Amino acid sequence: MSRLPLLSPTEAPPLARVWYREDGSASALTRSLASAPDLLETLMPYLGQVMGESSIDLQTKELVIVRVSQLNGCSYCLAAHRPVAGEVGVPDEQLAAVCDDVPLDRLPPRERALVEWVDRQTLDPGGIDDELVVRTLKHLRRDELIELTLLAGTITMLNQYCTAFRIPPPR
Amino acid sequence: MREPFEQAVAEGRAGDRLWLYATYHCNLACRYCLTESAPGILNRRTLGAETMIRAVREARELGFEKVGVTGGEVFMLPDFAETLRRIAELLPVVALTNGTLFTERRLRELEALAGLDVALQLSLDSADAAQNDKLRGRGNFDSVLATIPRLIEREIPVRIATTVEDQTPDELAALCELHRSLGVPDTDHIVRPVVRRGRAVTERLGVELGPHDVLPELTLTADGAFMHPFAATVRGGETDLDLLVSRQILPLEAPLRRFLALVGDQPVGDDVVRSLR
């Protein structure tokens with residue numbers, strides 16, 4: 001059970017209601033954040049930017065989102081994003097690999113390098129050495145690595161939020 | 001920010017008064033209280049004096065013309081007379097009070113308000129002591145009636161606010177006779193219905209608020225900025241968020257920017273049909 005109130009559209013502050021769908025529905029995450037509308041005002045566009053399509057395709061982004069959520073054991077984010085990853089075209093085998101259902105060496109070289117980076121960033125960022133940076137930059141442009149690193153950090157933040165407050169996962 | 005605010009005021013989409021909820025603490029526990037204020041509440045939600053002064057100073061720069069201070073009971077704050085004087089030096093102000101805490105010492109403190117544009121608005125719901133005290137607590141009627149002449153003697157302007165639930169026209173007429181006899185003219189008597197928020201929900205009293213029943217007036221509390229003074233309500237110990245503008249209250253530009261975005265939806269000139277003040 002959620003440790004935060006999940007506000008209905010009539011309970012939510014007016015400036016939070018813009019993040020609800022026309023039929024009044026919204027994700028449990030959004031409904032929990034509605035109690036802090038000033039933060040939603042900047043957080044939601046930021047999440048849209050960092051999680052949405054950019055110069056990096058959505059498959060790559062969803063692969064990172066699912067991998068980080070798997071590492072952090074966030075049931076909410078896994079339940080929300082595993083289906084999305086499939087919908088945007090992440091191959092089943094890659095999805096199975098980042099969810100530890102099959103070995104990571106099933107991933108193509110670029111995705112394998114990305115997952116290695118994301119794993120170290122999430123679990124041991126101080127342990128990232130120059131060699132890993134160089135190796136990762138063979139597969140990703142510098143600006144891509146910046147964006148994906150911020151994405152992975154953002155997902156860890158959301159994982160912590162959803163887990164700490166027991167936000168109920170979508171069914 | 002000043003220009004769009006003044007335009008919103010000119011078009012009747014917003015009021016030019018900044019409201020401050022000084023504290024939710026109160027020595028009374030009125031049945032219709034919007035904020036569940038009472039002597040024993042744990043969360044008093046008090047705005048500090050310096051926060052209030054800063055808000056009013058910024059409000060003046062942003063084009064606000066006047067201030068209202070409410071609660072809770074504002075005189076539960078021991079230094080409120082001095083805070084009120086400092087606010088009144090910046091903008092005209094009305095402070096809402098239940099009128100029961102005016103000791104001789106407090107009245108002497110209020111003498112410092114002489115010459116400033118300040119009024120005290122006392123709550124009085126009926127000319128009948130028993131009827132008044134049924135809603136507001138035993139002894140309230142006598143206390144308020146004793147206070148009003150003592151304030152007027154000191155040339156402190158007094159208004160009376162009557163919150164009506166089921167009074168008859170005759171009962172209201174009797175109350176008007178009473179306030180006139182005390183030296184408070186009709187122009188300084190406000191009559192308004194109980195609003196069904198806060199404790200009035202639990203007590204099943206009052207009228208439901210429609211989206212355009214109250215003129216939006218930026219209202220600051222310790223919990224954040226709200227759309228109007230009937231918005232910052234508490235039920236079951238939790239603050240209602242449905243009319244929260246922002247959690248941030250200072251600098252005042254921050255909630256005012258969001259407030260103006262919201263009042264953009266208000267009908268122009270609609271203030272003339274709204275009766276809740």
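**Notes on the chain B sheet and a helix pair in chain A**

1. A good place to start is the open sheet of nine strands in chain B, whose order is S6-S5-S4-S3-S2-S1-S7-S8-S11, with mixed pairing. At its edges are S6 and strand S11 (244–246) of chain B, each of which pairs on one side only. Direction ignored, neighbouring strands of this sheet are turned by 25° against each other on average. Please keep in mind that this is a predicted model.

2. Let me turn to the S6 end of that order. Strand S5 (residues 158–164) of chain B and strand S6 (residues 189–193) of chain B are paired in the parallel sense, over five bridges. Within this pairing, Thr163(B) stands opposite Arg192(B) in S6(B). The connection is worth following in the viewer: from S5(B) the chain passes through helix H7 (residues 169–181) of chain B to reach S6(B), a β-α-β crossover that is right-handed.

3. S5(B) also has a partner in strand S4 (residues 118–123) of chain B; these two run parallel and are joined by four bridges. Here you will find Gln121(B) opposite Arg159(B) in S5(B). Helix H6 (residues 140–153) of chain B lies across both S4 and S5 of chain B, and runs at about 165° to S4(B).

4. Further along the order, strand S1 (residues 17–23) of chain B meets strand S7 (residues 219–221) of chain B, with two bridges between them and a parallel course. Trp19(B) has Thr219(B) as its bridge partner in S7(B). Packed on the sheet is helix H3 (residues 80–88) of chain B, which touches S1, strand S2 (66–71), strand S3 (93–97) and S4 of chain B. The direction of H3 makes about 155° with that of S3(B).

5. Now for chain A, where a helix pair deserves a look. Helix H7 (residues 109–123) of chain A and helix H8 (residues 130–137) of chain A have axes that come within 9 Å and cross at roughly 145°. This crossing of H7(A) and H8(A) is left-handed.

6. Which residues make the contact between these helices? From H7(A) come Ala113(A), Trp117(A) and Arg120(A), while H8(A) supplies Leu132(A), Arg135(A) and Thr136(A). By character, the residues of the contact of H7(A) with H8(A) split into three nonpolar, one polar and two charged.

Terms used: Residues are numbered from 1 along each chain as its sequence is written. Chains are lettered from A and ligands numbered from 1 in the order in which they are written. This is a predicted model: local features need pLDDT of at least 70, side-chain atom pairs count only at pLDDT 80 or more; totals for chains, interfaces and linings use all residues. Two strands pair if DSSP finds at least two bridges between them. A crossover is right-handed if, with the strands pointing away from the viewer, the path from the first strand over the helix to the second runs clockwise. Axes are lines fitted to C-alpha atoms, for helices over the stretch in contact, and angles run from 0 to 180 degrees between N-to-C directions. Two residues are in contact if their C-beta atoms, placed from the backbone, lie within 7 Å. A crossing is left-handed if the near helix is turned anticlockwise from the far one by less than a right angle, and right-handed if clockwise. Ala, Val, Leu, Ile, Met, Phe, Trp, Tyr, Cys and Pro count as nonpolar, Asp, Glu, Lys and Arg as charged, and the others, Gly among them, as polar.
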